[in-house]
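Here are some notes for a colleague who is opening this structure for the first time. Please read them with the model in view.

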Amino acid sequence: MTEKEIHIAFAEYRSIEELNAEDRELAHAAIDAMRGSYAPYSHFNVGAAVRLSNGQIVQGANQENAAFPSGLCAERTAMFAASAKYPDKDMQSIALAGGVYGQLTEEPATPCGACRQVMAQYQTKSGKPMSVIMIGAGRIWKFERVDDILPLIFDSI
Ligand code: THU
């Protein structure tokens with residue numbers, strides 16, 4: 001038996017202003033996207049923004065439904081919209097932000113497992129790393145590739 005470890009590196013920023021210009025723009029777009037959230041059940045409003053290889057930013061927000069499983073997270077709403085509208089463009093990065101009744105959380109919003117799996121697939125499709133930026137009012141985390149938030153990714157069929 002051999003014990004193994006998985007090492008994950010990520011960057012922590014104190015504010016959006018510390019991000020580089022592209023990431024700053026994407027972070028603001030994710031926060032802005034929170035306005036599109038429809039969350040009458042959880043009241044947790046999430047916004048996401050995807051940057052494509054042509055520079056385009058596509059926004060998404062969580063959409064809830066009385067039949068709970070019919071709703072969708074902000075990240076997948078954004079990624080599916082991006083893929084549907086710009087099928088030939090790579091997704092370079094995704095940012096997300098969330099908060100109860102639109103009040104940005106102090107800690108960074110972290111994506112659910114299903115959204116991470118969808119991110120992984122678009123990263124594999126593009127063949128290039130897709131960075132993930134999680135935004136909170138108190139700190140921001142940036143992961144350079146989806147592998148860092150979904151180790152041992154399933155992508156083999
Ligand atoms: N939600 C997202 O949109 N993204 C996440 O990463 C986590 C959760 C949404 C789903 C649901 O509408 C609400 O937040 C509460 O879970």
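1. Phe68 has a relative accessibility of 59% and is therefore counted as exposed, since the cut-off for that class is over 50%. This residue belongs to the loop between β3 (57-61) and α2, and, as with everything in this note, its description rests on a predicted model. Computed along the sequence Phe68 and Tyr41 are 27 residues apart, while in space their C-alpha atoms are 9.1 Å apart.

2. The surroundings of the ligand deserve a careful look, and the residues found around the ligand are Ser42, Phe44, Val46, Asn62, Glu64, Cys73, Ala74, Glu75, Thr110, Pro111 and Cys112. Sorted by class, this shell consists of 6 nonpolar, 3 polar and 2 charged residues. The space that the ligand takes up is the largest pocket. Two elements, β2 (44-52) and α2 (74-85), are the ones that give two or more residues to the shell around the ligand.

3. Which side chains place a polar atom close to an oxygen atom of the ligand, and at what distance? In Glu75, a polar side-chain atom is 2.5 Å from an oxygen atom of the ligand, and in Asn62 an N or O atom of the side chain is 2.9 Å from a ligand oxygen atom. The backbone takes part too, in that a polar backbone atom of Thr110 lies 3.4 Å from an oxygen atom of the ligand. The ligand on its own would expose 370 Å², and 74% of that area is buried by the protein.

4. Is Ala39 buried or exposed? Ala39 counts as buried because its relative accessibility is 8%, and the cut-off for that class is under 20%. Its place is in the loop between α1 (21-33) and β2. From Ala39 to Glu75, whose side chain has the ligand contact described in the previous point, the separation is 36 residues in sequence and 14 Å in space, taken from C-alpha to C-alpha.

5. Ile16 may be read alongside Ala39, for Ile16 is likewise in a loop, the one between β1 (11-13) and α1. With a relative accessible area of 11%, Ile16 is buried. Ile16 and Leu26 stand 10 residues apart in sequence, and their C-alpha atoms are 9.8 Å apart in space.

6. Where does Ala97 lie, and how accessible is this residue? Ala97 is part of strand β4, and its relative accessibility of 0% is the reason it counts as buried. Ala97 and Asn45 are separated by 52 residues in sequence, yet the distance between their C-alpha atoms is 8.4 Å.

7. Two residues call for a check of their backbone angles. Most residues other than glycine have a negative phi. Tyr101, although not a glycine, has a positive phi of about 50°; Tyr101 is found in the loop between β4 (91-100) and α3 (113-126), and at 62% relative accessibility Tyr101 counts as exposed.

8. The second of these residues is Leu152, which is not a glycine either and has a positive phi near 60°. Leu152 is located in the segment after β6 (140-143), and with a relative accessible area of 77% Leu152 is exposed.

Conventions
Residues numbered from 1 in each chain as written. Predicted model: local features only at pLDDT ≥ 70, side-chain atom pairs only at ≥ 80, totals over all residues. Heavy atoms only, no water. Near = heavy atom within 4 Å. Polar contact = N/O pair within 3.5 Å; in protein donor to acceptor, adjacent residues only side chain to side chain. Areas by Shrake-Rupley, 256 points an atom, 1.4 Å probe, with all protein chains shown as cover. 1 Å grid on protein atoms, 1.4 Å probe; cavity = no way out; pocket = protein on both sides within 12 Å on 5 of 7 lines; lining within 4 Å. Sits in = over half its atoms within 2 Å of the grid points. Helix = DSSP H or I, 4+ residues; strand = E, 2+ residues; numbered from the N terminus. Nonpolar A, V, L, I, M, F, W, Y, C, P; charged D, E, K, R; others polar. Buried < 20%, exposed > 50% of the residue type's maximum accessible area, 1.4 Å probe, protein only.
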